[in-house]
Amino acid sequence: MYCVKCGSEEKTYSNLCQKCLIDDRELVKIPHYVKRIICPECGDYLMGSSTWIRPFDGMQSLIENHLEFDELVKEPSIEFDEFPDGTNEFQIQLSIEINIEELYLEIPLSFILRTKNQVCDVCSRKKGGYFEAIIQIRGDGRDPSEQDMEGIKNFLNKSLDLNKSDRQAFLTKESKVKGGTDFYMGSCVLSKSQTRDLQNRFGGKVTETSKIYGQRDGNDVFRYTYLLRLPKMRKDDIVSDKKNIYVVTSVSKSFAFLKDLNTWKKRKIRYDEFNKFNVNIGGYTISKAVIIHEVEKEIQILDPITMTPVTIKKPEDYESEGQETMVISIDDDIYLI
Ligand SMILES: [Zn+2]
Ligand SMILES: [Zn+2]
């Protein structure tokens, strides 16, 4: 085949040699200026008149929507620099790989990015105090402690982060109330599953209630409340029945797992048995103690509070490491932990 333009006998594509093809046809183009509308609060991109999308997908869509390809181009692939934040004008470099029959070409392009800020629908709702659900954290028998709340807040924040592709995954407001804390959430669907996840992780009982708060398109709109009441026994609590003293190692939806401080034997306790135990909150100290002497079944340590030597029977699974060991002092007693 000859090139119809220059007569070259090289391989032709659509009757043109490679050089004439590139000179003659604009295989891919993009306008000199590309406009983006971005939310200054969350960084989302507006596509069309009302669709907001996450920044990476936004960059990709903005470029794809502005590129124009010659009809010969098949399966283009696009690489681009990350767009900088802010409303300055930026030059953005692109590299487009295109494929015409067996010919692969890499075409560099660039455009000037012009940005306009506009607060998105979700951020303006958030600013207006919008919420679909409240996650209420309370306690059975005693209020959630600061430590309980810290664990719960970290868990919720991580979960919001993991769900950030969901634009409704946000916390509007956190409010300390008598007996616990209320979290005002953007998504009722996500709040429901988050409350279940919290229950699996921290134990307790969940109660769900809803009430109508308005109408949208002729349908009732509900607001949901997911109440998680933390159990009487919580992780790291020291509890006792009449005979033994235990540390709570974990709590699930249905059980508490205890470790006997004398023997280190494990016990699994159902919620309905919790009332047989006394919970000792804070009346103990955990510290390091120096090991004085150790034999097969016993260990002698220096009590870190009284500074006197104490001999303790070793639990079966106990293995000392180094010259010191962790102990818990409860009233006048001391245990290895
Ligand atoms: Zn040619
Ligand atoms: Zn936003």
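Tutor: Two residues are said to be in contact if their C-beta atoms, placed from the backbone, lie within 7 Å. We shall use that cut-off on this structure, which is a predicted model.

Student: Which residues does Ile134 touch, not counting residues up to four places away in sequence?

Tutor: With the cut-off just given, we look past the residues up to four places away in sequence and list the contacts that remain for Ile134. Those contacts are Asp182, Phe183, Tyr184, Met185 and Thr225.

Student: Which residues touch the most other members of the largest nonpolar core?

Tutor: The largest nonpolar core holds 27 residues, and Ile134 belongs to the group that touches the most other members. In full, that group is Ile134, Ile135, Met185, Tyr246 and Val248.

Student: Which element gives the most to this core?

Tutor: Several elements give two or more residues to the core, among them strand E11 (133-139), helix H4 (146-162), helix H5 (188-202) and E17. The core also draws at least three residues from each of domain 2 (129-230) and domain 3 (239-336). The element that gives the most, with 5 residues, is E17.

Student: How many residues are in the second, separate core?

Tutor: This second core is separate, and its members include Tyr45, Leu62, Ile63 and Cys120. Its number of residues is 7.

Student: How far apart are the C-alpha centres of domain 1 and domain 3?

Tutor: The protein chain is divided into three parts, with domain 1 covering 12-121, domain 2 covering 129-230 and domain 3 covering 239-336. Between the C-alpha centres of domain 1 and domain 3, the separation is 64 Å.

Student: Which strands stand at the edges of the open sheet of 5 strands?

Tutor: The order of the sheet is E19-E18-E17-E16-E20, and its pairing is antiparallel. A strand at an edge has a single partner strand, so one side of it is left without a neighbour in the sheet. The strands in that position are E19 (266-270) and E20 (278-280).

Student: Which residue stands opposite Tyr246 in E18?

Tutor: E17 and E18 pair in the antiparallel sense over 5 bridges, and a hairpin joins the two strands through 3 residues. Within this pairing, the residue opposite Tyr246 is Asp260.

Student: Which residue takes a positive phi in the hairpin of E18 and E19?

Tutor: E18 and E19 also pair in the antiparallel sense over 5 bridges, and Phe257 stands opposite Lys268 in E19. The hairpin has 5 residues between the strands, and the residue with a positive phi near 65° is Trp264.

Student: In the hairpin of E12 and E13, which residue in the turn has a positive phi?

Tutor: Strand E12 (residues 171-177) runs antiparallel to strand E13 (residues 180-185), and 6 bridges join them. Glu174 in this pairing stands opposite Phe183 in E13. The hairpin has 2 residues between its strands, and the turn residue with a positive phi of about 90° is Gly179.

Student: Is Asn15 buried or exposed?

Tutor: Most residues other than glycine have a negative phi. Asn15, however, has a positive phi near 70°, and its place is in the loop between strand E1 (12-13) and strand E2 (16-17). A residue counts as exposed if 12 or fewer other C-beta atoms lie within 10 Å of its own. Since Asn15 has 12 other C-beta atoms within 10 Å, the residue is exposed.

Notes: Residues are numbered from 1 along each chain as its sequence is written. Chains are lettered from A and ligands numbered from 1 in the order in which they are written. This is a predicted model: local features need pLDDT of at least 70, side-chain atom pairs count only at pLDDT 80 or more; totals for chains, interfaces and linings use all residues. Two strands pair if DSSP finds at least two bridges between them. Helices (H or I, at least four residues) and strands (E, at least two) are DSSP runs, numbered from the N terminus. Domain bounds come from an automatic or database domain assignment. A nonpolar core is a set of buried Ala, Val, Leu, Ile, Met, Phe, Trp, Tyr and Cys residues joined through C-beta atoms within 7 Å. A residue is buried if 20 or more other C-beta atoms lie within 10 Å of its own, exposed if 12 or fewer, and partly exposed in between; C-beta atoms are placed from the backbone.
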